[in-house]
Amino acid sequence: MKQHFLIIFAFTLFSCSEKPRFELLESDHTGVKFVNRVVETDSLHVMNFQYLYNGAGVGIADLNNDGRQDLIFAGNQVSSRVYLNEGNFKFRDISSRFDGMDNGQWYSGITFVDINDDGWKDIYLTCTAYDDSTVRKNRFYINRGIQEDGELAFEEMAEKYGIADESYSVDASFY
């Protein structure tokens with residue numbers, strides 16, 4: 001019995017000496033500074049706003065076709081952010097390339113599709129929550145690719161594609 005205990009103890013001791021597989025990287029290093037902070041108040045809480053904790057999302061896709069996965073974070077009480085992966089766990093915020101993304105909507109999901117088959121990932125953001133249906137319109141950003149200035153360009157075209165849905169959306173899929 002003592003031999004079994006000694007073997008198990010030795011195995012446990014040596015197996016715990018491996019380095020961790022994941023490492024926390026600070027936002028100063030990565031450039032990713034997104035926090036979807038939802039603040040409850042006396043007038044805004046889950047009892048009178050059922051969507052308080054139903055929202056946001058994370059999307060990962062190669063937006064600029066460089067072989068690296070880029071990040072999209074959908075926000076609720078904060079602005080959504082889009083980050084290009086520049087390698088070595090460094091990301092650059094390109095959110096300013098998305099007109100109308102920061103319009104106070106309560107985003108609930110992110111879906112990618114190459115709707116026009118041009119080889120560039122397009123982004124569909126679903127919205128929910130508010131009684132005003134115009135604030136619930138889903139957004140569809142068509143990826144126009146790399147422009148002359150070397151940057152990506154996106155154009156919001158949900159209305160043109162007929163998918164500016166105003167219902168209470170949670171997420172979407174394309175097929």
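Tyr83 stands opposite Asp93 in strand S4. That pair is a good place to enter this predicted model. Strand S4 covers residues 91-93, and strand S3 covers residues 81-85. Three bridges join S3 to S4, and the two strands run antiparallel.

Now widen the view. S3 and S4 belong to an open sheet of four strands, in the order S1-S2-S3-S4. The pairing in this sheet is antiparallel. S1 and S4 stand at its edges. Each has a single partner strand, so one side of each is left without a neighbour in the sheet. On average, neighbouring strands here are turned by 20° against each other, direction ignored.

Next, follow the chain between two of these strands. Strand S1 spans residues 57-61, and Asp66 sits in the loop between S1 and S2. Is Asp66 buried or exposed? Neither word fits: Asp66 is partly exposed, because its relative accessible area is 31%, and buried would require under 20%, exposed over 50%. Asp66 can also be placed relative to Leu84. The two are 18 residues apart in sequence. In space, their C-alpha atoms are 9.9 Å apart.

A second sheet comes later in the chain. This one is also open, with four strands in the order S5-S6-S7-S8 and antiparallel pairing. Its edge strands are S5, residues 106-113, and S8, residues 152-156. Each of these pairs on one side only. The average turn between neighbouring strands of this sheet is 25°, direction ignored.

Look inside this sheet at S7, residues 139-146. Six of the eight residues of S7 are buried, so the strand is largely enclosed by the rest of the structure. S7 pairs with S6, residues 122-128, through three bridges in the antiparallel sense. There, Tyr124 has Phe140 of S7 as its bridge partner. S7 also pairs with S8, again antiparallel, over five bridges. Two residue pairs show the match: Ile146 stands opposite Leu152 in S8, and Tyr141 stands opposite Glu156 in S8.

How do S7 and S8 connect? They form a hairpin, with five residues between them. Gly150 lies in the turn and has a positive phi of about 85°.

Turn next to the nonpolar residues. In soluble globular proteins, nonpolar side chains tend to be buried together. The largest nonpolar core in this model has 18 residues. Which of them touch the most other members? They are Leu63, Phe98, Ile123 and Phe154. Several strands give two or more residues to this core: S2 (70-74), S3, S5, S6 and S8. The list includes S2 and S3, which belong to the sheet S1-S2-S3-S4. It also includes S5, S6 and S8, which belong to the sheet S5-S6-S7-S8. S6 gives the most, with three residues.

Finish with the open space. The largest pocket holds about 220 Å³. Its lining consists of Leu25, Ser27, Thr30, Val32, Leu71, Phe89 and Phe91. What is the character of this lining? Five of its residues are nonpolar and two are polar. None is charged.

Technical notes:
Residues numbered from 1 in each chain as written. Predicted model: local features only at pLDDT ≥ 70, side-chain atom pairs only at ≥ 80, totals over all residues. Heavy atoms only, no water. 1 Å grid on protein atoms, 1.4 Å probe; cavity = no way out; pocket = protein on both sides within 12 Å on 5 of 7 lines; lining within 4 Å. Points joined across faces, edges and corners; volume = space filled by probe spheres on them. Nonpolar A, V, L, I, M, F, W, Y, C, P; charged D, E, K, R; others polar. Pairing = 2+ DSSP bridges. Axes fitted to C-alpha atoms, helices over the stretch in contact; angles between N-to-C directions. Buried < 20%, exposed > 50% of the residue type's maximum accessible area, 1.4 Å probe, protein only. Core = buried A, V, L, I, M, F, W, Y, C linked by side-chain atoms within 4.5 Å.
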